Amino acid sequence: MTFEELGVDAPLRKAVEDMGFEFPMPIQERVIPRLLGDAHDIVALAQTGTGKTAAFGLPVLQRVDPERKRPQALILAPTRELCLQISSDLADFSKYIPDVKVIPVYGGSSIESQIRALKSGVQVIVATPGRLIDLIKRGVVKLDDITTVVLDEADEMLNMGFLDSIEEILSHVPSDRKMLLFSATMPADILKIAKRYMKDYEEIVVGSRNEGAENVRHIYYMVNARDKYLALKRIADNSPGIYAIIFCRTRRDTQEVADSLIRDGYNAEALHGDLSQQQRDIVMKKFRDRVVTMLVATDVAARGLDVSDLTHVINYGLPEDVAVYTHRSGRTGRAGKSGVSIAIIHSREKGRLREIERIIGKTFEHKEVPTPEHIIEKQLYNLADRIERVKVNEDEIAAYLPGISRKLEWLSEEDLLKRVISLEFNRLLDYYKDAPKIDFIDAKPERKGKKKGEGHERPADDSEKDRRTASKGMERIYVNVGKRDGFFAGNLIEMLNRLVQGKRVDVGRIDLLPSYSLFDVRKSDARKVVGALTGADFFGKRLHSEIADKDRDYSKIADKRKNNKKRQ
């Protein structure tokens with residue numbers, strides 16, 4: 001089917017062709033003819049990126065009368081970013097209809113300039129609810145001639161608490177208007193709106209209700225909670241050319257993850273509610289321009305973002321609401337392209353993952369966290385690919401080649417290749433040298449019954465000997481303080497940063513027991529860590545540290561010291 005067969009007028013078809021679209025997408029095939037005809041109101045369920053803006057935008061533009069300089073179509077969007085995106089798309093669609101004017105109105109920008117634009121005459125208003133109500137109360141916007149109302153991302157508007165605002169806006173619109181409601185999911189509140197404000201509506205579903213996008217692979221990695229950030233870095237390093245949104249559940253987590261990524265040399269920024277609108281605009285411009293390639297965001301801050309060609313959506317924490325996961329994952333794999341939605345989870349989140357699978361009708365692939373060897377190989381092949389594809393400007397560099405050739409002529413082809421690779425990868429090779437495997441082993445050994453007087457500190461999910469064994473490439477360190485002494489992971493990291501001279505010590509697995517602790521460090525750091533901790537003071541307790549002996553029962557040593565102390 002073509003756009004002409006759908007009934008789209010020639011000026012709009014020409015604009016669509018200029019944008020590179022030859023054939024309509026499924027949601028467009030189903031919605032456009034109904035909106036151009038005498039169809040009833042419509043509730044359309046479709047994922048972000050399926051072409052829904054054109055599905056409502058083309059008929060909206062075709063239905064307006066360019067001769068009348070009054071608002072005839074109203075499109076409501078939950079956020080400033082989506083409002084601007086829709087307005088931009090409609091401006092592109094209408095470029096061969098010069099008398100049709102589309103105006104975005106939204107909070108966080110000068111209301112005076114928006115008032116001037118509205119007074120100059122407009123046929124289509126794209127608005128956020130709050131700013132539109134303000135303009136209605138000021139008497140600037142009259143909705144008496146509105147024939148079409150579109151609620152885009154209606155589920156997001158309800159999540160953001162806009163129900164009362166939507167009701168107030170609709171009270172100013174003629175009752176015989178045509179109304180369209182677009183949503184990625186179908187919560188109960190959407191049905192309430194449809195039943196209350198839409199007349200004999202038709203429901204159009206592309207895919208199935210609450211379904212995940214078809215072109216998205218769903219992958220999960222299971223790690224210990226403390227290793228989530230390490231897993232995130234490995235995923236990023238294993239994906240040359242990554243362009244991703246990383247979702248965190250809180251503003252604090254968002255800022256901490258972004259700060260850590262920036263400190264570790266990644267092109268990352270945070271986007272959350274503590275930022276001003278100006279700061280958010282700057283971050284989003286950098287992300288859209290790909291100056292920033294990893295955007296760490298909360299769900300609230302990322303609502304309505306419309307960014308093309310995302311390679312990954314990464315769930316640093318799973319959301320409580322399945323609909324939120326659907327929105328997150330739907331930001332990649334758009335317009336027929338493929339994408340990846342990744343969940344980094346710990347063992348207690350597995351039940352929630354299974355619930356998401358059940359509701360979206362997709363199965364998550366369980367994958368092991370990329371190993372250092374795999375990451376380095378992937379990066380090397382990417383470098384080789386970049387070298388092959390680089391554009392060589394023969395004329396510009398010809399004058400410099402003889403001098404460079406003389407300087408490097410003593411190097412063989414193999415030596416030259418090694419130096420090019422080392423120049424690019426020394427940091428990566430050094431970082432991943434002896435790095436441990438960080439996957440969570442989702443299998444708990446059987447608990448054996450305790451004999452009287454022993455095993456007081458044995459955890460339920462691990463054997464004593466396994467606890468004393470270091471991860472691959474690491475050394476296990478013992479220190480004689482634990483949770484009973486008020487000693488926790490933060491205290492350990494702080495002491496290492498303060499006491500160990502030289503570069504920062506990378507800490508792996510940490511096991512905190514009541515009267516002692518065990519933790520992993522790189523083998524090359526083990527002796528200086530032991531030396532730094534031994535003899536140090538922790539709130540009046542003199543520390544003893546040693547490289548852990550896997551055959552030594554430290555729980556018995558702790559019990560013996562405790563009993564000796566009581567006798568004294």
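Helix H4 (residues 80–93) lies across S2, S3 and strand S4 (124–127) and runs at about 175 degrees to S3. Here a helix (H or I, at least four residues) or a strand (E, at least two) is a DSSP run, numbered from the N terminus. Axes are lines fitted to C-alpha atoms, for helices over the stretch in contact, and angles run from 0 to 180 degrees between N-to-C directions. Contact means heavy atoms within 4.5 Å. The model is predicted: local features need pLDDT of at least 70, side-chain atom pairs count only at pLDDT 80 or more, and totals for chains, interfaces and linings use all residues. Residues are numbered from 1 along each chain as its sequence is written, and side-chain values use heavy atoms, with hydrogens and water left out.

The strands crossed by H4 belong to an open sheet of 7 strands with parallel pairing, in the order S3-S4-S2-S5-S6-S1-S7. Two strands are taken to pair if DSSP finds at least two bridges between them. Strand S3 (102–105) and strand S7 (202–205) form the edges, each pairing on one side only. From one strand to the next, the twist averages 15 degrees. Strand S1 (residues 42–45) runs parallel to S7 and is joined to S7 by 4 bridges. Val43 has Glu203 of S7 as its bridge partner. Helix H2 (residues 26–36) lies across S1, strand S6 (178–183) and S7, at about 160 degrees to S7.

In total, the protein has 23 helices and 20 strands. Of its 568 residues, 49% are buried, where buried means under 20% relative accessible area, exposed over 50%, and partly exposed in between (1.4 Å probe, protein chains only). Among contacts with a separation of 6 or more, 76% are between residues 24 or more positions apart. The exposed area of the protein is about 28700 Å², of which carbon and sulfur atoms supply 49%; accessible areas come from the Shrake-Rupley method with a 1.4 Å probe, and for residues only the protein chains shown count as cover.

The structure holds 25 salt bridges, a salt bridge being a side-chain nitrogen of Lys or Arg within 4 Å of a carboxyl oxygen of Asp or Glu. One of them joins the side chains of Arg68 and Asp145, at 3.5 Å from N to O. Arg68 lies in the loop between helix H3 (52–63) and strand S2 (73–76), and Asp145 in the loop between helix H6 (129–137) and strand S5 (148–151), so this pair ties together parts that are 77 residues apart in sequence. Arg68 is partly exposed, at 36% relative accessible area, and Asp145 is also partly exposed, at 21%.

Asp299 and Arg328 form another salt bridge, with the closest N and O atoms 2.7 Å apart. Because Asp299 lies in helix H13 (residues 299–302) and Arg328 in helix H14 (residues 322–329), the pair ties together parts that are 29 residues apart in sequence. Arg328 is buried, with a relative accessible area of 1%. In the salt bridge between Asp289 and Lys285, the N to O distance is 2.7 Å. Asp289 is partly exposed at 45% relative accessibility, whereas Lys285 is exposed at 54%.

A network of salt bridges links Arg476, Arg509, Asp511 and Asp520. Ser524 lies in the loop between strand S17 (517–522) and helix H22 (526–533) and is exposed, at 63% relative accessibility. The C-alpha atoms of Ser524 and Gly473 are 9.6 Å apart in space, and the two residues are 51 residues apart in sequence.
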